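Biologist: Could you take one part of this structure and walk me through it slowly, with the parts around it? I am in my first year, so please build the picture step by step.

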Amino acid sequence: MHTPEFNFDFSRPKDQKRFEVFQKQYPETVKEFVNLEEVEAWDENLSRYAKEHYKKYASDKHTPKLLKEIQADREDFEDRIAPKISSKILSRALDFLGGRKTDMEWENLLKQANFDFEELRKSPDEASEKANELISVVVKQQTYDQAIQWYKNIGFELSGFGKDDDFAGLRGHVLDIFGKEIIDKCLISKINCFPDRINVSVGGLDYFLPPDLYKEWESKMPQVKEHTYRAESCATFNTDHKFSKKFVRTPINIYSFYAEEVVDARYLQEIPEPERKKVYKIGTVFHEIAHHIYGYMMDADKRVEWKNIVDRSGIITDYSNLYVSHKRKYEEAFTESIRLKTTTPRYLIDNFPEIDKFIKINFPDIKSI
Ligand SMILES: [Zn+2]
């Protein structure tokens, strides 16, 4: 059976939430690849407490609209596009799967999509089923360049950063650091900041709590700290070929830094003490942007090279080390490396010269603040 790229890790609260939304919409798909026992092992105490006390703070204003859009694209693909797939395309897919002819155009698209076609070739599934899967990945990947063209003059929105001087000039910083071309390729719709809310994600729900309520909860149940999120990117909505059928723009959300104790991070030691929190906060936005770079611009070949470098490099930051035995290990290593490259470049060069070189060669436009 071909392993879908889309996996959930139930030790991560964000994945729990995504799963819940996903399960409601695609119950059949869920049955295919989710171990339901793990779902039941969620932290029930925290979840019960949250529902009893903080119900009115549970909401998610952003993803439902996006999920609706993705679902509409999915239906469009199934109702309109899939029935029109010509026999010519079908035989091209069958040829590709049989490895009978070289098809560099499709091979490149599939590598861009990080789709493991070798595994699909080996899969015992019906040839027509495999061909349809292959075609849907190819068709979707073709929408990436279209989406970039479509949105490139629109740019991303910023919201909620106004009151915080640490984020002054953020739009300019983002464009200076990454360059317009990379930012266009990131397909970011909006960067939202919720400075007065701690994001706690338990039992499949997100709670956006004011700091005093969070503090009270943490004093009663310290384990809640493990469920706070300072930021999130929704790039995975695009990178999972089973989930969406078309590239869409997705938001980045930044929450309160209240519960963060970061100023002692090793890489920040080169920054004067009063500046450290600010550098860390901006670095968090850059880290989230880097999830989009990893998702859309690190093709299968680059990922092989990247994996080897990370395996040789050891722990990059304490944060990336949290993911050391996680499926997102190499992605978080990348996003933290971009944080270092953009905010503490000296530290990256001195400690991880091979990573610095990889970024310089593959993303020469990325600069430092
Ligand atoms: Zn991350």
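Modeller: Let us look closely at helix α13, bearing in mind that this is a predicted model. Helix α13 covers residues 276–297, which makes 22 residues, and from its first C-alpha to its last it reaches 30 Å, close to the 32 Å expected at 1.5 Å a residue. Of those 22 residues, 18 are buried, and so α13 is largely enclosed by the rest of the structure; a residue counts as buried here if 20 or more other C-beta atoms lie within 10 Å of its own.

What does α13 lie across? The helix lies across the strands β2 (188–194), β6 and β7, and it runs at about 20° to β6. These strands belong to an open sheet of four, arranged in the order β1-β2-β7-β6 with mixed pairing. Because β1 (157–159) and β6 (231–233) stand at the edges with a single partner strand each, one side of each is left without a neighbour in the sheet. On average, and with direction ignored, neighbouring strands of this sheet are turned by 10° against each other.

As background, strands of a sheet pair through backbone hydrogen bonds, either parallel or antiparallel. In the case of β6 and strand β7 (residues 250–255), the two run antiparallel and are joined by three bridges. To find one such place in the structure, look for S233, whose bridge partner in β7 is I252.

Methods. Residues are numbered from 1 along each chain as its sequence is written. This is a predicted model: local features need pLDDT of at least 70, side-chain atom pairs count only at pLDDT 80 or more; totals for chains, interfaces and linings use all residues. The expected span of a helix is 1.5 Å times one less than its number of residues. A residue is buried if 20 or more other C-beta atoms lie within 10 Å of its own, exposed if 12 or fewer, and partly exposed in between; C-beta atoms are placed from the backbone. Two strands pair if DSSP finds at least two bridges between them. Axes are lines fitted to C-alpha atoms, for helices over the stretch in contact, and angles run from 0 to 180 degrees between N-to-C directions. Two residues are in contact if their C-beta atoms, placed from the backbone, lie within 7 Å.
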